[in-house]
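Me: Please take a close look at one part of this structure for me. I would like to see how two helices pack together, and what lies elsewhere in the fold.

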Amino acid sequence: MTTGMENCAKPLFTFGIIADIQFADIDDGFNFKRSRKRYYRNSLRLLHNAQKRWTADTVKPRFILQLGDIIDGFNKRHDASERALETVMKEFDSSPVEVHHVWGNHEFYNFSRDTLMRSVLNSTTDSEAGGGHLSSCEIYAYHFSPAPKYRFVVLDAYDVSLLGREESSLKYQQAIAILKAHNDNEDLNHPPAPVGMEQRFVKFNGGFSQDQLDWLEGVLSLADNKLERVTIVSHLPIHPSSTEPICLAWNYDALLSILQAHKSVVCFMAGHDHDGGYHRDDSGVHYLTLEGVIETPPDSDAFGTVSVYEDRMFLKGYGRMSDRILMYP
């Protein structure tokens with residue numbers, strides 16, 4: 001649905017969104033099940049298309065949300081992780097727009113958590129995010145306010161995970177206990193069931209620690225008091241109706257209960273499920289899963305520009321990303 005929304009009154013601000021670029025300088029391949037083609041080199045060209053569009057927009061985006069999996073895990077086995085990241089960041093750096101990076105499973109296939117904390121993918125050092133990060137140096141979560149009455153929260157969906165955690169760490173031990181309780185496969189990337197919610201208990205997913213949930217509760221309580229509108233972003237989706245079960249965060253239900261208890265929350269955005277998805281719950285919160293660049297054919301695109309208004313957000317999608325009017329609850 002377009003309804004000419006992009007031609008109406010000037011928005012308060014706009015931002016770009018893109019997910020699952022997964023660039024690698026290798027030939028095209030297939031996903032884990034060999035059911036979908038992946039266009040590793042072409043993903044850089046599609047990022048270029050997005051940058052070109054955002055640069056040409058009459059209202060320039062205030063920032064870009066990069067929702068995780070910026071380079072593919074194949075880079076690691078080719079000893080090309082640093083080179084691939086530099087290639088993608090050069091494309092992002094072609095414009096002066098601030099980029100907020102989310103961490104997904106492919107970030108952890110390529111780099112340790114300590115390395116990521118010291119890398120260009122740590123957006124907590126950005127000016128707008130100053131002071132808004134979770135004080136624990138082990139958790140990559142922060143919030144920022146690009147305009148009065150509007151706040152964005154970046155969450156760490158691999159806080160409790162086998163990915164990026166040392167085997168001796170408490171969170172690794174918590175993660176392995178969670179997986180072993182639900183998944184008895186030798187290969188933990190293989191789902192424990194062919195269908196249903198149990199599919200989410202796989203190694204390439206993760207969950208949110210209680211410390212992170214408590215921190216989020218505090219951020220949202222303050223936002224409620226300030227009458228702010230909050231958009232939350234994570235690599236992993238958290239609403240079962242917005243994605244396939246195999247892509248859900250392990251403790252999605254704990255996060256859902258927090259979001260639905262705070263009137264400030266208007267939208268949750270995620271990547272990971274390359275097909276994308278959308279759901280609006282009974283309280284009016286939007287759960288938006290963005291289509292992945294990596295499985296987008298060369299003749300299409302997969303990015304969007306979100307225009308923020310007093311009573312709604314409007315997503316203008318390009319290529320296989322749909323237009324959406326996101327009315328506030």
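Reply: Here is the helix pair, followed by the cores and one loop residue.

This is a predicted model, where local features need pLDDT of at least 70, side-chain atom pairs count only at pLDDT 80 or more, and totals for chains, interfaces and linings use all residues. Residues are numbered from 1 along each chain as its sequence is written, and side-chain values use heavy atoms, without hydrogens and water.

Start with helix α1 (residues 42-56) and helix α3 (residues 81-92). Helices here are DSSP runs of H or I with at least four residues, and strands are runs of E with at least two, numbered from the N terminus. The axes of α1 and α3 come within 9 Å and cross at roughly 20 degrees. Axes are lines fitted to C-alpha atoms over the stretch in contact, with angles from 0 to 180 degrees between N-to-C directions. So α1 is roughly parallel to α3 (angles under 35 degrees count as such). From α1 come L44, L47, H48 and Q51; from α3 come T87, V88, E91 and F92. Contact means heavy atoms within 4.5 Å.

Now the largest nonpolar core, which has 86 residues. Such a core is a set of buried Ala, Val, Leu, Ile, Met, Phe, Trp, Tyr and Cys residues joined through side-chain atoms within 4.5 Å. Buried means under 20% relative accessible area, with a 1.4 Å probe and protein chains only. F15 and M269 touch the most other members. Among the residues F15 touches are P61, F63 and M313. Another core, of nine residues, lies apart and includes W250.

Last, S300 sits in the loop between β11 (286-289) and β12 (302-308). S300 is buried, at 18%. Its contacts include L46 and R320.

Definitions and conventions
Parallel < 35°, antiparallel > 145°, perpendicular 65-115°, else oblique. Buried < 20%, exposed > 50% of the residue type's maximum accessible area, 1.4 Å probe, protein only. Lists of a residue's contacts leave out its neighbours within four places in sequence.
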